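Student: I'd like to learn how to read a model like this one, feature by feature. Could you walk me through it?

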Amino acid sequence: MSAVVSPIREPLIQGGKTYHQITEDICSPTERTPSTAWVLAFIVAVAGLAFYVFCVAWTIWVGIGSWNLNRTIGWGWDITNFVWWVGIGHAGTLISAILLLFRQKWRTGVNRAAEAMTIFAVICAGQFPLIHMGRLWLGFFIFPYPNTRGPLWVNFNSPLLWDVFAISTYFTVSLLFWYTGLVPDFATIRDRAKGIRKKIYNFLSFGWTGSAKHWQRFESLSLVLAGLATPLVLSVHTIVSFDFATSVIPGWHTTIFPPYFVAGAIFSGFAMVQTLMVMTRKVLKLEQYITLGHIESMNKVILVTGTIVGVAYLTELFIAWYSGYIYEQFAFYNRVMGPYWWSYVGMMSCNVLSPQIFWWKKLRRNVFVTFVMSIFVNIGMWFERFVIIATTLARDYLPSSWSYYTPTWVEVGLFIGTLGLFFTLYLIFARTAPVVAVAEVKSILKAAGDQYVEPNAKHYAEAAKEVETTH
Amino acid sequence: MSQENKDVLYGLYDDEQDLLKAVDQANASHLDIMDVFTPFPVHGLDPKLGLAESRLHIAGFIYGAIGTLTAFLFMTWVFTRDWPIIFGGKPYWSVPAFIPITFEVTVLMASVGMVVTFYTICGMAPGLVSPTLDDRITDDKFCIAFDVTNAEEADKDKIKGFFTASGASEVNMKTI
């Protein structure tokens, strides 16, 4: 074969696959009747979703008073959950866009599912700003539309409005990027299907034919969208961090927030990708496409970003001390030693200490360890947002207004409910769409399939030996 | 595109390398390829088919520039002409605060515009049924198609000969 095959890279596709087998392996889960495991998982997820709907209805009916927020602590679980979900929603576009620009071929095994995860996570994130307004039916006030009040425009100088633009742009662009990638794969399913399924996938595949010119435009589009999505993904969490950083609350008013939030977002996003991938590859038997090499690569990203986040935590503490400003110093003393010390401990141990085990290659390539770690990181990153939001607000300038906050069942229910929403969407996705990008995996087969990589590696090793013996 | 049916003579190849060689052979024997269909983008195919580079990214730039101007000029108009408000003692025209929204609208316009343009120029839309030559083209077959609607028998034979010579695994005729 004339394709360029690197002898030192680990094969990304195992099992000596042919093009047809790739189609078969990835498309067939959408054609089978669902397994018992899927049905059970789906029932649990839908139950969670139903509880979510109930809690939203309760919040709207009773009002925000059904939450335990008070005059001191105005943001609690709601915004914690919002930032947590948005953070999770960063891995998909990072994998598909940034790794596309860096020409990382391992991206092809995980990008489809990661992008789907991104979209579902952003859907979950978007719920909270809307619900926490209290009067959900006036939610459209956040958009700058000509109105009869003047028109009185929205405040374009407010980071909260920047957030509206950032999140809705991010959602739209991620959705377009993901769907455009899905179109050729839907066409593959369409051409295998019969009857009503054929009609449905025909609708979804937009009449894709696979013409050379279409592929050329498709690649051009993907590249430019990746180029646009890369700064976009960095801007979104930067703007989320501005919600805090542009305020004058000690502990929030820090310039380190944008890079620190972005690193944290990538960190938590990859953790959620790992959680989903470990389960998906097992249930759908895709271990030959989402290999240990893929898992190891993502664990490396988790290690790096986790350590960046750790450095940011320590930098914050140092700068608070170094600033000589007592309110700033108190804010950070309070974070570590105050009434919420336990959430700081949770954050530090889950986010900074535990990922350090990934310095060992053996642990990076262990599926069980990866799964447990991914859950740890998910929990740790939730604690991080809780530390930033609730801990900081609980102790403000006036000791007489100091307060403590514990959520009500409604707030806990909303969080658990969004998990239900998220997994409902993901489970539907895993049943109806190819969870691995079929066409993209085919396009790297000659460069990364084990039947091509291994003989080449052997050939190079032999050649190297020959050179050694002759010299 | 014409609405009349076309008679298409097409050959299927099993590997993209065979396809690339076959396209070279077709070019050498001056056969007029109608289109090539593949299950994934085959690199190196575009120059052989004489396809010019896509200008989609230029369209994307224009959409993006429209987005930049729309967002920035709109916010400028609102805060300096329509309803000036002082926020935090800053000037009405507080340019740095406009940057985030300007950026987001630029990205949004460029992306949406490009995607809509892509589907429009490719003649694709939700629910549209495009006639396909073979179901395996989206699976593992690489297809070269010739339009033989008004061709002489001799020309058809020449194309068939080319398919056999270039190692096509199947040769079929279809009216689409």
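Tutor: Sure. Let's settle what a helix is: here it is a DSSP run of H or I with at least four residues, numbered from the N terminus. Also keep in mind that this is a predicted model.

Student: Okay, so what comes right after H10(A)?

Tutor: H10(A) is followed by A:Gly324, and the phi of that glycine is positive, near 70 degrees. As for the helix itself, H10 of chain A covers residues 292–323. Its 32 residues reach 46 Å from the first C-alpha to the last, close to the 46 Å expected at 1.5 Å a residue.

Student: Why do residues three or four places apart in an α-helix point the same way?

Tutor: An α-helix has 3.6 residues a turn, so residues at that spacing end up on a shared side.

Student: Which residues have a positive phi without being glycine?

Tutor: Here are two, one in each chain. A:Phe206 isn't a glycine, yet its phi is positive at about 60 degrees. A:Phe206 sits in the loop between H7 and H8 of chain A. In chain B, look at B:His30, with a phi near 55 degrees, in the loop between helix H1 (16–28) and S2 of chain B.

Student: Are those two buried or exposed?

Tutor: Count neighbours: 20 or more other C-beta atoms within 10 Å means buried, 12 or fewer means exposed. A:Phe206 is buried because it has 22 C-beta neighbours inside 10 Å. B:His30 has 7, so B:His30 counts as exposed.

Student: What about A:Ala50?

Tutor: A:Ala50 has 13 other C-beta atoms within 10 Å, which means it is partly exposed. You'll find A:Ala50 in helix H2 (residues 36–62) of chain A. For a sense of distance, A:Ala50 and A:Ser354 lie 304 residues apart in sequence and 34 Å apart in space, C-alpha to C-alpha.

Student: Where is the cis peptide bond in chain A?

Tutor: Check omega. Between A:Gly150 and A:Pro151 omega is about -5 degrees, and the bond joining them is cis. A:Pro151 belongs to the loop between helix H5 (107–131) and H6 of chain A.

Student: Moving to chain B, what is the strand order in its open sheet?

Tutor: Read it from edge to edge: the 4 strands run S2-S3-S1-S4, with antiparallel pairing. Strand S2 (35–37) and strand S4 (170–175) are the edges, each pairing on one side only. Ignoring direction, neighbouring strands are turned by 25 degrees against each other on average.

Student: How many bridges hold each pair of strands?

Tutor: Start with S1, residues 7–13 of chain B: S1 pairs with S4(B) over 6 bridges, and B:Asp7 stands opposite B:Thr175 there. S1(B) and S3(B) also pair over 6 bridges, with B:Gly11 partnered by B:Ile144 in S3(B). S2(B) and S3(B) pair over 3 bridges, and B:Asp35 faces B:Ala145 in that pairing.

Student: Does anything lie across the sheet, and which strands does it cross?

Tutor: Helix H5 (residues 153–165) of chain B lies across S1, strand S3 (142–147) and S4, at about 10 degrees to S1(B). S3(B) is mostly covered, with 5 of its 6 residues buried.

Student: What surrounds B:Tyr13?

Tutor: B:Tyr13 is in strand S1 of chain B, and it counts as buried because 24 C-beta neighbours fall inside 10 Å. Setting aside neighbours within four places in sequence, its contacts include B:Asp18, B:Leu19, B:Phe142 and B:Ala168. B:Arg81, by contrast, is 68 residues along the chain from B:Tyr13, and 65 Å separate their C-alpha atoms.

Student: How is chain B divided into domains?

Tutor: The domain assignment gives domain 1 (7–52 + 129–175) and domain 2 (56–121). Taken over C-alpha atoms, their centres are separated by 45 Å.

Student: Last one: how many residues of each chain are in contact with the other?

Tutor: 51 residues of chain A contact 52 residues of chain B. Among the elements giving two or more residues to the chain A side are helix H1 (19–27), helix H6 (159–192) and helix H8 (212–245). H8(A) gives the largest share, 16 residues. By type, the chain A side divides into 25 nonpolar, 21 polar and 5 charged residues.

Key. Residues numbered from 1 in each chain as written. Chains lettered and ligands numbered in written order. Predicted model: local features only at pLDDT ≥ 70, side-chain atom pairs only at ≥ 80, totals over all residues. Pairing = 2+ DSSP bridges. Axes fitted to C-alpha atoms, helices over the stretch in contact; angles between N-to-C directions. Contact = placed C-beta atoms within 7 Å. Nonpolar A, V, L, I, M, F, W, Y, C, P; charged D, E, K, R; others polar. Expected span 1.5 Å × (residues − 1). Domains from an automatic or database assignment.
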